[in-house]
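Please examine the sequence and the three-dimensional model shown below. The paragraphs that follow lead from the whole chain to single helices, empty spaces and individual residues.

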Amino acid sequence: MKALSKKFSSLTTLLALVILMIVITIINPNFLTTNNLLNLLLQVTANGFIAFGMTFVILTSGIDLSVGAILALSSAVSAGFIAQGMPIPLAVLCAILIGAFLGAVNGALVAYGKLAPFIVTLATQMVYRGATLVFTNGNPITKHLDSYFLAYIGQGYLLGIPFPVILMILVFIILWIVLHKTAFGKSVYALGGNEKAAYISGVKLNKVKIAIYTLSGAMSAISGLIITSRLSSATPQAGSGYEMYAIAAVVLGGTSLMGGKGRMFGTMIGVLIIGVLNNGLNIIGVSAFWQQVIQGIVILIAVLIDVIRSKRSK
């Protein structure tokens with residue numbers, strides 16, 4: 001019954017995506033052009049990576065509000081390294097390691113400090129964002145960020161498909177396997193389902209918590225690299241509000257904020273729903289002010305849907 005319920009939830013989310021695409025296409029047929037669809041997929045990559053990491057966090061009944069700030073700080077520091085002459089491949093690796101480290105700090109505070117994830121990541125969001133402003137002095141970093149290697153990460157094409165889209169799909173497949181086919185993935189579900197029972201069954205709770213926040217940080221850093229590549233600039237305000245889009249995508253995809261329930265496939269569909277909505281509103285010509293109102297309503301609906309799901313499962 002649980003397996004059928006999960007499949008039904010995924011199919012419902014997929015159906016919602018299809019209906020949304022049909023409605024937007026009826027209003028403006030240009031939505032289904034090849035160029036627009038490729039552009040749409042490129043647009044969702046930044047949110048996609050963050051949402052993939054956020055899925056693991058939320059499955060353990062946690063939350064990570066610092067992802068946008070981690071994105072900004074890791075990008076700014078790596079851009080600073082590049083400006084000082086560091087080889088770009090090494091700077092790219094440093095960005096991911098910095099993101100992973102900042103995520104690990106969150107995880108350690110949650111695991112060993114026994115602090116609520118909401119409070120921890122709200123505080124570190126402010127710390128990381130402030131550190132970014134201090135490091136950049138409030139100014140964007142652009143020096144040497146127009147190199148071919150860095151530009152290819154966010155702007156390159158492979159076989160006619162944007163490279164970030166290919167990278168997102170590869171990461172999705174890897175994380176799908178990790179979550180659904182490995183012992184670590186089972187530990188994530190166990191921790192979110194019942195922490196005490198997971199501890200009794202031998203799950204290393206602290207290690208799992210640190211690992212998932214580390215993953216979330218690394219995914220945020222990858223997202224930051226793509227944004228920096230596309231803009232040829234690392235700005236201190238990059239990633240602002242991205243945590244809400246990621247959380248909305250995860251919850252729309254069927255992952256419960258209470259933890260223990262959700263799937264990577266659902267998150268991918270949730271990411272696409274957010275992307276299709278944003279792209280569709282632009283094509284239709286909806287004012288940017290009204291777009292923000294609509295996006296807020298969608299996030300609220302996503303949370304309400306999660307509450308209804310949780311009540312029905314009891």
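A residue is called buried when its relative accessible area is under 20%, exposed when that area is over 50%, and partly exposed in between, as judged with a 1.4 Å probe and protein chains only. By this rule, buried residues make up 51% of the 314 residues in the chain. The model is a predicted one, in which local features need pLDDT of at least 70 and side-chain atom pairs count only at pLDDT 80 or more, while totals for chains, interfaces and linings use all residues. Residues are numbered from 1 along each chain as its sequence is written, and side-chain values use heavy atoms, with hydrogens and water left out.

The overall form comes next. The radius of gyration is taken over C-alpha atoms, and the globule rule is 2.2 Å times the number of residues to the power 0.38. A compact globule of 314 residues would have a radius of gyration near 20 Å, and the 19 Å of this chain agrees with that. Along the principal axes, the C-alpha atoms fill a box of roughly 55 × 50 × 35 Å. Contact means heavy atoms within 4.5 Å. Among the contacts in the chain with a separation of 6 or more, 79% are accounted for by residues 24 or more positions apart.

Helices (H or I, at least four residues) and strands (E, at least two) are DSSP runs, numbered from the N terminus. The chain has 13 helices and two strands. Helix α7 (residues 163–181) offers a check on helix geometry. The expected span of a helix is 1.5 Å times one less than its number of residues. For the 19 residues of α7 this gives 27 Å, and the end C-alpha atoms are 27 Å apart, which agrees. The buried residues of α7 are P164, V165, I166, M168, V171, F172, L175, L179 and H180. M168 can be compared in position with R263, since the two are 95 residues apart in sequence and 16 Å apart in space, C-alpha to C-alpha. R263 is found in the loop between α11 (242–252) and α12 (264–284), and its relative accessibility of 28% makes it partly exposed.

Where is empty space left? Rolling a probe the size of a water molecule over the atoms shows this. On a 1 Å grid over the protein atoms alone, a cavity is a set of points where a 1.4 Å probe fits but cannot get out, and a pocket is an open set with protein on both sides within 12 Å along at least five of seven lines; lining residues have an atom within 4 Å of a point. Grid points are joined across faces, edges and corners, and a volume is the space filled by probe spheres set on the points.

The whole structure holds three cavities of 30 Å³ or more. The largest cavity has a volume of about 50 Å³. Its lining consists of S75, S78, A79, I82, A91, V92, L145, L150, L225 and T228. Helix α3 (67–83), α4 (88–111) and α10 (205–231) each supply at least two of these residues, and α3 gives the most, with four. Ala, Val, Leu, Ile, Met, Phe, Trp, Tyr, Cys and Pro count as nonpolar, Asp, Glu, Lys and Arg as charged, and the others, Gly among them, as polar. The lining of the largest cavity divides into seven nonpolar, three polar and no charged residues. One of the lining residues is S75, which has its place in helix α3. S75 counts as buried because its relative accessibility is 4%. Not counting residues up to four places away in sequence, S75 touches G224, L225, T228 and A234.

The second largest pocket contains about 500 Å³ of space. Of the 18 residues that line this pocket, Q43, N47, Y242, Y245 and N278 are the closest to its centre. α12 gives the most to the lining, with six residues. By class, the lining has nine nonpolar, eight polar and one charged residues.

Finally, the backbone deserves attention. Most residues other than glycine have a negative phi. N137, in the loop between α5 (117–136) and α6 (148–155), has a positive phi of about 60° although it is not a glycine. N137 is exposed, with a relative accessible area of 62%. L159 lies in the loop between β1 (157–158) and β2 (161–162), and its phi is also positive, near 60°. With a relative accessible area of 83%, L159 is exposed.
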